[in-house]
Amino acid sequence: MSILRANGLAVHVEQLRPPEAAPGVPGGGPTAVLIHGLATDNLASWYLSMAHPLAAAGLRVIMYDLRGHGRSERPPAGYTLDHFVDDLAALLAVLDVTGPVHLLGNSFGGTIAFGYAARHPEQVAAIAAVESSPPTAAWFGRVAKRLDAAAAQLTDEHVLARISVERGERASRRARTAREVLVATSLTRDLPASRLPAEERIAAVRCPGLWVYGGSSAVVELAPDVERLLPHARIVTVPGQRHSILIDQPDTVRDIVLSWLRQDCGLHPGPAAAGRDGPDQPPSPVTLH
């Protein structure tokens with residue numbers, strides 16, 4: 001575990017390096033930065049799902065807790081999209097990451113990745129987003145409503161007790177962590193006030209893109225917007241899955257992402273990173289757009 005100073009904050013960072021002797025993996029390979037979502041999330045969702053497969057695929061893997069989350073510092077204010085993008089830019093500078101990076105984002109983490117790409121297109125090799133959207137007004141409206149609802153519910157001890165009984169201790173801990181973030185910071189006020197890039201700037205991001213959705217998640221309703229703004233992007237829908245697909249179906253997400261890295265990004269994962277369907281088989285079951 002490392003605590004680094006970036007953009008004036010103490011940021012919790014974890015890194016994985018590719019195996020030195022991995023077959024077919026040259027030295028000085030690409031870098032993947034994994035960005036988690038808001039409130040209940042932290043870097044563990046990526047560490048437990050995609051971090052090790054990506055390292056085995058030959059990438060340097062960087063994960064970090066967003067401001068206010070996990071083991072990173074929790075300032076009382078400063079939670080607009082620009083703040084999150086500034087944090088990412090500062091962290092990459094501190095870590096001396098100079099080449100184009102592969103950005104992977106879960107939920108709002110994908111929006112941060114895209115916000116960074118809109119500002120620094122030359123620094124982004126590709127974007128993979130799970131249950132996310134570019135920074136559009138429709139998406140920010142949804143996120144703001146969910147955060148407001150969560151803040152209202154999680155301040156009620158009866159709600160927290162019911163979560164513990166119905167969903168277990170792990171879900172209860174996540175709910176209490178979310179309450180701490182939502183109550184102790186200006187996140188719910190700052191995020192709706194974010195400055196958003198114009199649609200023209202969003203459409204100008206031309207790097208390879210992957211957008212993964214759960215077929216039973218409300219977020220999949222935003223897939224047509226992604227298709228309209230980014231017609232070159234690959235959109236994959238996994239039937240029956242919800243917003244928590246990264247946690248619920250890590251093997252499926254792994255297979256989709258590694259297949260995309262091979263087919264669209266020209267990376268060649270070694271045998272240790274191959275999915276259960278093999279290196280030349282499409283992930284299943286999915287719906288491609």
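Are Phe108 and Phe140 buried or exposed? In the predicted model examined here, both Phe108 and Phe140 are buried, and their rings belong to a set of 4 aromatic pairs held by the structure. The two phenylalanines form an edge-to-face pair, with 5.6 Å from centre to centre and 75 degrees between the planes. The pair links distant parts of the chain, since Phe108 belongs to helix α3 (residues 108-119) and Phe140 to helix α4 (residues 137-154), 32 residues apart. Together with Tyr79 and Phe84, Phe108 and Phe140 make up one aromatic cluster. Tyr79, a member of this cluster, also has Arg67 over the face of its ring, at 6.0 Å from the ring centre.

At the level of the whole protein, the secondary structure comes to 11 helices and 9 strands. Of the 289 residues, 53% count as buried, while the exposed surface amounts to about 12600 Å², of which carbon and sulfur atoms supply 52%. Among contacts between residues at least 6 apart in sequence, 75% join residues at least 24 apart.

Strand β6 (residues 124-130) is mostly covered, with 6 of its 7 residues buried, and it pairs with strands β5 and β7. Strand β5 (residues 101-106) runs parallel to β6 and is joined to it by 6 bridges; within this pairing, Asn106 stands opposite Val130 in β6. The pairing of β6 with strand β7 (residues 209-214) is likewise in the parallel sense and extends over 4 bridges, with Ala128 standing opposite Leu210 in β7. Helix α3, which contributes Phe108 to the aromatic pair described above, combines with β5 and β6 in a right-handed β-α-β unit.

The loop between β5 and α3 contains Ser107, whose phi is near 55 degrees, a positive value in a residue other than glycine. Most residues other than glycine have a negative phi. Ser107 counts as buried because its relative accessibility is 13%, under the 20% limit. A positive phi, near 70 degrees, is also found at Ala39, again a residue other than glycine. Ala39 is placed in the loop between β3 (31-35) and α1 (44-56), and its relative accessibility of 7% is the reason why it counts as buried.

Towards the start of the chain, strand β2 (residues 9-16) is mostly covered, 6 of its 8 residues being buried. Strand β1 (residues 2-6) pairs with β2 in the antiparallel sense over 5 bridges, and the bridge partner of Ser2 in β2 is Val13. The hairpin formed by β1 and β2 has 2 residues between the strands, and in this hairpin Asn7 takes a positive phi near 55 degrees. Strand β2 is also joined to strand β4 (residues 60-64), the two running antiparallel with 4 bridges between them; in this pairing, Glu14 stands opposite Met63 in β4.

Two further residues illustrate the surroundings of a helix position and of a loop position. Leu88 is placed in helix α2 (residues 81-94) and counts as buried because its relative accessibility is 0%. Not counting residues up to four places away in sequence, Leu88 touches Val33, Ile35, Tyr64, Ile112 and Tyr116. Of these contacts, Val33 and Ile35 fall within the residue range of β3, Tyr64 within that of β4, and Ile112 and Tyr116 within that of α3. Leu88 and Ala113 are 25 residues apart in sequence, yet their C-alpha atoms are 8.5 Å apart in space.

The loop position is that of Gln241, which lies between β8 (234-238) and α10 (245-248). With a relative accessibility of 15%, Gln241 counts as buried, because the limit for that class is under 20%. Not counting residues up to four places away in sequence, Gln241 touches Gly214, Gly215, Ser216, Ser217, Asp248 and Gln249. Among these residues, Gly214 falls within the range of β7, the strand that pairs with β6 over 4 bridges, and Asp248 falls within the range of α10.

Terms used. Residues numbered from 1 in each chain as written. Predicted model: local features only at pLDDT ≥ 70, side-chain atom pairs only at ≥ 80, totals over all residues. Heavy atoms only, no water. Phe/Tyr/Trp six-rings, centres within 6.5 Å; stacked < 30°, edge-to-face > 60°. Buried < 20%, exposed > 50% of the residue type's maximum accessible area, 1.4 Å probe, protein only. Lys NZ or Arg CZ within 6 Å of the ring centre and 35° of its normal. Pairing = 2+ DSSP bridges. Right-handed = clockwise from strand over helix to strand, strands pointing away. Contact = heavy atoms within 4.5 Å. Areas by Shrake-Rupley, 256 points an atom, 1.4 Å probe, with all protein chains shown as cover.
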